[in-house]
Structures are given as structure tokens and as C-alpha cells.
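Open the model in your viewer and keep the selection box at hand. We will go stop by stop.

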Amino acid sequence: MASAMARGGYVTTPSDADPYIYQTGFGNRFASEAVPGALPLGQNAPQKCAFDLYSEQLNGSSFVVLPRSGIQHVWMYRMRPSVAHGPLVPADDINPAIQASFLATNPAMELVPDQLAWDPFTLPSDGEKKDFVQGIRTVCGQGDPSLRQGLAVHMYTANRSMDRRAFCNNDGDFLIMPQQGRLQIQTELGWLMVRPGEIVVIQAGIRFRVLLPDVDSGKEKAARGYIQEVFGAHYELPELGPMGSNGMALPQDFESPVAAFDIDEGSQWEVVYKLMGKLFSSEQDHSPFDVVAWRGNLVPYKYATEKFINVANVEHDQADPTVYSVLTVRSTVPGVPLTDLLVFTPKWIPTSNTFRPPYYHRNMSSEVMGLLYGTYGGSAHSLEPGGLSYEASYMPHGETYETWVSATTRELKPERVCENTVAFMFHITVPLLVTKATVGEAQPAPESQRAAYKPHFLERLSDVNTALTKAGAQSIAYEKK
Ligand SMILES: [Fe+2]
């Protein structure tokens, strides 16, 4: 008999593009120690921790949450407790473009009933240095973090790595999607490298800093990407129902960091906190990234959207786009999500009798779309990587007249769509308010395209009247003016 045994838990393998290893799985209770023996066994807060580390718990849910699966927390074993910091002082001058209160009483907000579209958001100029925190611009959102309800959509642009500055968003979880330039993210729980096409979630309360390896190496002039922030709730995988266990985003494709810590005594560090959209900063004389070991399920993770397993109707009509959901967030209404992240990646579309583009529609949900790379066309405004589009709740939209003509007359054959492309949509079930600052930069509504639709039904009136007469109904007398 021969036998073999694994020598440790599974972690991913580093590559040139990503030097880090990751633990895999979604929502797991992971454990990681950068020094063997640093994690206590049998308890979380022993009288004295190994190596005289401090034990500290970060709770991302209330202590009492039902069901138990809603508990999200992490125990950290660190060189100093986080409370070892200087006084908090207002720091809105770091970035006055962040908004958090999406209420009609906020004069920075505008109610936009129509469609909006933005060309790629402007990158910082060479003479202007912005790090990730300085480069966040709020576009739209709903609710308010003081209510623990709602969300925000931001863009970020940056051309400077965060040096001895960490960011901590106390308002909500950040879902970040780089569009240009990788993000090398140091968190209290370890490092992640995130490239365009990947998404990363960093939960509220976790301190992190963002380095820009492609900008620092001269490969890119600046980094740019998208952020969705949710207040008072966490991202989850959508339910699968009759689909079974092997479609959409697979849990094993989510990657969380391993423990990593720095020793940086006597250096001046700044931690910037975001509280209800306001920034505060505190200084300390040591690195906040001093967590030697941790265990828990409140852990950042990343996911490569190219791994998404598309499932869709293969006969007759197409499915609703929520079949492309990677992550979802529950609203306070049972059974109704607050937001779904949908990704549009390469796939085959069916060959049978169907109108292939997205059908014309009016949805309760607001839609915010962006493009990570590739091309995504068909609608009135061609979406470019780094640009954005917005469709207001219940307002009509759909393909151009030219696309309708093409889609209703072309030969149907098997077809690949979204080749070399990752587009995404924040499918948001609530109406949004848009920041006035970004409304001013948006493209006007496409009036000429809207006026182009022709009522071909009227050219078919003789056929219509034949059908009506045959059914014993009165024919239509209509003369074109
Ligand atoms: Fe839509």
C-alpha cells in the first residue's frame, strides 16, 4: 500500500502578475498565522497571547444576529491594539468629493429622472498627485450610513501610492473594481493584488492602503476604477435554487489573503477614517499593519470575473440579466436585494427565434453600468472603459432603432458575445440621487436616437385590418397626416 497526505491547507500559487498566495472559499472561517504558534487554540482571548501579542476582535455584525450564519467577525493577534493611536481630527481637505447622505435634503444631490452617461472619468494630470483616498469621487447613491441602509457608487482615479497612510471606511463595505492599473492592497489581514477584471471586497472597519504598482513602474500614468459601497449589510453569493450547485460564481474562486505584518517603529503613520462621508485622521508612530495572526470570516476577498460560469436560457427568449449576478446584498425588505453585481463576460447566445439584444424595458431597479475592458455597444451611448451609464428607476430604455432593425432582420446563428470584454452592472432596486458635481460632466440624453424609432405597425395596417375583419372586429380607418 502506498499513501500520501497533504502537508497543509490549500493556498493558491503566486504568479508574475500577482505575487501573493490566497486561501480560497466564500464566507469561510479562515485562520492564518505569519508566525507558527501565534494563533491561540481552544479560545480566542487567552490571559496572555503567544509572543505577548494583543488579542483584538473586529465585529462586522451585531453580537446578536439571526440566523447564526449572519455573524461576521475576525480575531486579530497584533503587536499593538488598534486603540494605540493619536487624536482624531477632521480631515475633509484630504477629499471633499466624497458624499454619503443620499437624501433630498443634501444640496449636493440632484434628482435625475432621465438617462445619464459619462465618458471615461478624467485621470489626474501629471502635476497633480492623488492617492486612492484623495481620488474617490461619489457619483450616486441611496440612503445614508447613519441609517445603516443604502449604498453609494464612486469612481476612483489615482496616480500616487499611499505611503504611510491607511484608510478605514466605517460607513460600509467597499466593492472595488479596477479598470486601469493593478491595485496592490495591504489590509490588516494581509495583501491582495487586484487587476482589471478582478473585483475586491474590503469590509467596513478594516484598515487598508492601496499601492499602484503599474503607475510606480511607469506602465500606466494613473489608475482608475469603480467602487460600490453598501451601508449596514455585506455582500453574499446569490441563491442558486433549481440551478443547483455548479453555476455562476463558484465559492472556491474567491480568494482571501494570508496573515502578513510589518514592523515599522518610530515612523509617522496616518489612519484616515470615513464616518458618514466625513473624513477624520489620526496619527501613530507605528504601522497599523501589525497583525501577526488572525482567524474569522470578516476577511477581504477578490474574485476574477472571467471565471464566472454563465448560465442562461438556451432556447427561446433570454433570461433576465440577474442570471449574471456575482454578488448580492440584501435589502431590509425580505426576499428583495438592495443591489446585485452583474457581470457581462464572453458567452454563447441561443440560436432560436428570439430578439437577441436586451429587450426594451422599464424596471423598478436603477441600473449603473461600467466597463472594465473590451467593448460594449448597442445602446445610445457607447460605453467606454472608465465611463459609466445610469438608468433611473422605472424609466424606459433599450437598444437604438438601428440595433432593432439589425436584430429583427439578421440571420440567426450561434454567436459569441462580449468576447474579450468584462462589463458590469450595479442592479439597484431603489431610486438613486446623483451628485451635482458629476451630473455636470454627463452626456446629454440622446434625443435624436430616441426620435428615430419608426412605428412599422402603421405600414402593416392592411394586414392588421385583414386580421380584424377575419375575427369579426371593426377595421381601423387611419390616414397618415
Ligand atoms: Fe436596463
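Start at the iron ion. This is a predicted model, and the site of the iron ion is irregular, with angles of 60 to 164° among its four donor atoms. A tetrahedral site would need all angles between 85 and 135 degrees. For reference, ideal angles are 109.5 degrees for four tetrahedral donors.

Which protein atoms are the donors of the iron ion? Select His-361, Glu-367 and His-397. His-361 and His-397 each give NE2, while Glu-367 is listed with OE twice. These donors lie 2.0 to 2.3 Å from the iron ion. Along the sequence, the spacing of the donor residues reads H-x5-E-x29-H.

Now trace the backbone from the site. Glu-367 is in strand 25 (residues 366-373), and His-397 is in the loop between strand 26 (388-391) and helix 2 (401-409), so the pair ties together parts that are 30 residues apart in sequence. Switch on a surface: both Glu-367 and His-397 are buried.

Move on to helix 2. Select Tyr-401, Thr-403 and Ala-407, which are buried. Around the axis they cover an arc of only 155°, which puts them on the same side of helix 2.

Next, go to helix 5 (residues 461-470). Leu-461, Val-464 and Asn-465 are its buried residues to select. Their arc around the axis is only 95°, so they sit on the same side of helix 5. An α-helix has 3.6 residues a turn, so residues three or four places apart point the same way. Then rotate the view. Ser-462, Thr-466 and Lys-470 are exposed, on the face turned away from the buried side of helix 5. After helix 5 comes Gly-472, with a positive phi near 80°.

Jump to Ala-166. This residue is in strand 10 (residues 165-169). Buried or exposed? Ala-166 counts as buried, because its relative accessibility is 0%. Show its surroundings: leaving out residues up to four places away in sequence, Ala-166 touches Phe-208, Arg-209, Glu-270, Val-271, Val-272, Pro-288 and Phe-289. Then draw a distance to Pro-321. C-alpha to C-alpha, Ala-166 and Pro-321 are 37 Å apart, with their positions 155 residues apart in sequence.

Three backbone stops follow.

- Leu-66 and Pro-67: a cis peptide bond joins them, with omega about -5°. Pro-67 is in the loop between strand 3 (54-59) and strand 4 (73-78).
- Met-248: phi is positive, near 60°, in a residue other than glycine. Look in the loop between strand 16 (223-230) and strand 17 (254-257). Met-248 is buried, at a relative accessible area of 4%.
- His-316: phi is again positive and near 60°, in a residue other than glycine. Its loop runs between strand 21 (301-304) and strand 22 (325-330). His-316 is exposed, with a relative accessible area of 52%.

Finally, zoom out to the whole protein. Color by secondary structure: there are five helices and 29 strands. The C-alpha atoms fill a box of roughly 90 × 70 × 45 Å along the principal axes. A compact globule of 481 residues would have a radius of gyration near 23 Å; the protein has 25 Å, which agrees. Of the 481 residues, 50% count as buried. The protein exposes about 23,300 Å², and carbon and sulfur atoms supply 55% of that. Last, turn on contacts. Among those between residues at least 6 apart in sequence, 76% join residues at least 24 apart.

Terms used
Residues are numbered from 1 along each chain as its sequence is written. This is a predicted model: local features need pLDDT of at least 70, side-chain atom pairs count only at pLDDT 80 or more; totals for chains, interfaces and linings use all residues. Side-chain values use heavy atoms; hydrogens and water are left out. Donors are N, O and S atoms within 2.8 Å of the metal (3.2 Å for Na, K and Ca); water is not among the atoms, so sites may look incomplete. Four donors count as tetrahedral if all angles lie between 85 and 135 degrees; four count as square planar and six as octahedral if opposite donors are over 155 degrees apart and all others between 65 and 115; anything else is irregular. Helices (H or I, at least four residues) and strands (E, at least two) are DSSP runs, numbered from the N terminus. Buried means under 20% relative accessible area, exposed over 50%, partly exposed in between (1.4 Å probe, protein chains only). The radius of gyration is taken over C-alpha atoms; the globule rule is 2.2 Å times the number of residues to the power 0.38. Contact means heavy atoms within 4.5 Å. Accessible areas come from the Shrake-Rupley method with a 1.4 Å probe; for residues, only the protein chains shown count as cover. The arc is that of the directions from the helix axis to the C-beta atoms.
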